[in-house]
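Here are some worked exercises to try with the model open in your viewer. Have a go at each task before reading the solution.

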Amino acid sequence: MMQTLTAKASPSPAGILSANIRNLVTRYLWELLLFGLIMVVYHLIALRNDGFSERMIGLLFTDGALGSPGTFIFVVITAFWSFRVWTDLPPGERATFLIYPVDRLTHCIIRIMAGALVIIAVFSAAWIMGALLCEIFGPGRSWFSNEAYVGSGWTKSFLGLLNSYLFGSILALSFKKPEIWYVIKLPVGLTALGMSAELLKLHGLRKALTSIFLYPDGLSASFGNLFYTGTGSESLSPFHVFFIWMLILSVGVILSSRIRREE
Amino acid sequence: MISAIPSDLEAGNPAIVTRDLMKFYKKNRALNGLDLTVPDGAVYLMVGPNGSGKTTTMKILLDLIRPDSGHAEVFSISPATGGARVRAAIGYVPEGRIPGYEWMQVGLLLRHHSSYYPSWDSDYADSLIKNLEIDLTRKFRKLSKGESRRVQLVMALAHFPPLLLLDEPMDGLDPLARDRVIEILIDYISETSATVLASTHHIAELDKLADHMGVLFEGKLLAQNSREEIHTSLKKYLLQVPEDWDGSPDLSNAVVHRKGTRPETSWEIWGDETYVTEQLKTAGAMVRSVVPLRLEEAAVAILAGKEQE
């Protein structure tokens, strides 16, 4: 039955985070499964082409195949996912999201964190699935028997993907029309084209497409490379470069979360 | 001389106060110096034609939008600086639908919504769901206007907010559902002493609940007062007057609206009945009857009078 009115307690950030994770997983379950499937298929194709060699297994699971044109697709998927997190809630149509009793900035950041955790979980699960498939299809040359570990390549790849996700989030929080997110995300499109060109062995085209905007190792590496060149600080390691870009993009996310529109 | 119908309201402990609130949407003026006062525990009906600023006012109180000038307070907290605390104290039924969450099944939507309110009472929510015959398995976007209104009402009430903002709460409801919603609101208000600010075009539907009313026109309050004061002081005078009769100069500010053709005419006038009657007789009119106005009639008279100007 009814209770008397009491001081209203604030919701816990953990509760809001789990509510948003549940919200995203329920909404985009099939897309997330597709993303995971793409990663697993990517592993299998790479392994099959290379005859399940130890070199390729090592490259995939310890170095994240960084620099391999196939990994561009994960940059595209991550950027696309950052848009999906906000597709239902573009700026100016977030009244239902913003009427909750949470500070606007905190709420936006919690949703971005929820999206990041979801995509990391999907990629991690797919990566583990790939490892298991190696175990099954590559007898004697398995991932486990090679005492493989998550190497620095993957650390960089995940940071690179996180940067791509943060960049996409800034666009989604700043521009009202989802179409603009995709148009401005042209560099990602070019990356995808570059990847396609590489897959089709059109090296000249890939070089032409990627050299205008992108470092051939993908968008994240391109960011890193730009920063690297911009500062002239050649003593920075690629990991530091990615990390610095992550900090810059995080500030961008905070600033874009603070943009107010008529809701 | 009698003063005009008042547009400011004295309240010792107001739940909502706005002062000189101005809001433009590009070149369109939505609010034009709004001075709203909703006493604590009141059920305040905000009445006005489309575009008079009712929804804009509610959005400012929720800090969904910011005014261009002026200020607002909810329980002495400014929504601009304490938006989260203000929203925690509000149960809101929006005018439209709820973009962003319409893909959800109703059950999932309520579960998601409850995560944001530690005071959410599942038993009370369940009783409302049962009472309002809500199907939890249907997708929100598939619901009719009336069905979505019922779900929004559960979302607004089940965390026991001390303030309800209801934007056209009866819109789309069938007569049976309307009665149920009124009963639910009466129970809620009587057991929690919550304050209610409701906007509506259909005053009669919320007439049972209301104890205060404000009439908005072009972003400004034409009048706001308690039901009792309106009932006591705003009356319809049925008059028989000479052909060239032009009214009493002492009542020029107090006449809210006039209609009819001479010699029979009816005027809605604000003020003490005895004094008004005396002034009318002195000016040469014969007062045939004096009838107090219901809230809806009062609102219509005030708005019609504004259009007559």
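**Exercise 1. Find the ends of the confidence scale among the elements of chain A.**

Start with the elements: helix α11 (residues 219-231) of chain A has the lowest mean pLDDT, 42, and helix α1 (residues 13-27) of chain A has the highest, 94. Keep in mind that this is a predicted model. Next, take the chain as a whole: chain A averages a pLDDT of 70, and 52% of its residues score at least 70.

Now look for stretches to treat with care. Over residues 1-6 of chain A pLDDT stays under 50, and the model has 10 contacts beyond four places in sequence for them. Residues 62-69 of chain A also stay under 50, this time with 25 such contacts. How should you handle regions like these? Where pLDDT is low, don't read the predicted coordinates in detail.

**Exercise 2. Describe the side of chain B that touches chain A.**

Step one is the head count: 32 residues come from chain B and 31 from chain A. Step two is to ask which elements supply them. On the chain B side, α2 (83-88), α3 (106-114) and α6 (175-192) each give two or more residues. The largest share, 4 residues, comes from α2(B). Step three is chemistry: the chain B side has 21 nonpolar, 6 polar and 5 charged residues.

**Exercise 3. Work out the strand order of the six-stranded sheet in chain B, then show how strand β8 sits in it.**

First, the order: this open sheet runs β6-β7-β8-β4-β9-β10 (chain B), with mixed pairing. β6 (90-93) and β10 (220-226) of chain B each have a single partner strand, so one side of each has no neighbour in the sheet. On average, neighbouring strands are turned by 15 degrees against each other, direction ignored.

Now zoom in on β8(B). Strand β4 (residues 43-47) of chain B is joined to β8(B) by 5 bridges, and the two run parallel. As a register check, B:Val43 has B:Val196 as its bridge partner in β8(B). Strand β7 (residues 163-167) of chain B also makes 5 bridges to β8(B), again parallel. Here B:Asp167 stands opposite B:Ser199 of β8(B).

Is strand β8 (residues 195-200) of chain B enclosed, and why? All 6 of its 6 residues are buried, so the strand is largely enclosed by the rest of the structure. To split them by face, recall that side chains in a regular strand alternate between the two faces of the sheet. One side of β8(B) has B:Thr195, B:Leu197 and B:Ser199, the other has B:Val196, B:Ala198 and B:Thr200, and all are buried.

**Exercise 4. Do the same for the four-stranded sheet of chain B, and find the helices on it.**

The order in this open sheet is β12-β13-β11-β14 (chain B), and the pairing is antiparallel. At the edges are β12 (255-259) and β14 (286-292) of chain B, each pairing on one side only. The average turn between neighbouring strands is 20 degrees, direction ignored.

For one pair in detail, take strand β11 (residues 234-240) and strand β13 (residues 264-270) of chain B, which run antiparallel and share 7 bridges. B:Leu239 stands opposite B:Thr265 in β13(B).

Then add the helices. Helix α9 (residues 273-282) of chain B lies across β11, β13 and β14 of chain B, at about 155 degrees to β14(B). Helix α10(B) packs on this sheet too, touching β11, β12 and β13 of chain B, and its direction makes about 80 degrees with that of β12(B).

**Exercise 5. Check the geometry and burial of helices α10 and α5 of chain B.**

Helix α10 (residues 295-308) of chain B has 14 residues and spans 20 Å from first C-alpha to last, close to the 20 Å expected at 1.5 Å a residue. Its buried residues are B:Leu295, B:Ala298, B:Ala299, B:Ala301, B:Ile302, B:Leu303 and B:Gly305.

Helix α5 (residues 145-157) of chain B has 13 residues and reaches 18 Å, close to the expected 18 Å. This helix α5(B) is mostly covered, with 11 of its 13 residues buried. Among them are B:Glu147, B:Arg149 and B:Arg150, alongside B:Val151 and B:Leu153. To finish, list what they meet: the buried residues of α5(B) pack against β6, α3, α4 (122-131), β7 and α6 of chain B.

Conventions. Residues are numbered from 1 along each chain as its sequence is written. Chains are lettered from A and ligands numbered from 1 in the order in which they are written. pLDDT is the predictor's confidence in each residue, from 0 to 100. Two residues are in contact if their C-beta atoms, placed from the backbone, lie within 7 Å. Ala, Val, Leu, Ile, Met, Phe, Trp, Tyr, Cys and Pro count as nonpolar, Asp, Glu, Lys and Arg as charged, and the others, Gly among them, as polar. The expected span of a helix is 1.5 Å times one less than its number of residues. A residue is buried if 20 or more other C-beta atoms lie within 10 Å of its own, exposed if 12 or fewer, and partly exposed in between; C-beta atoms are placed from the backbone. Two strands pair if DSSP finds at least two bridges between them. Axes are lines fitted to C-alpha atoms, for helices over the stretch in contact, and angles run from 0 to 180 degrees between N-to-C directions.
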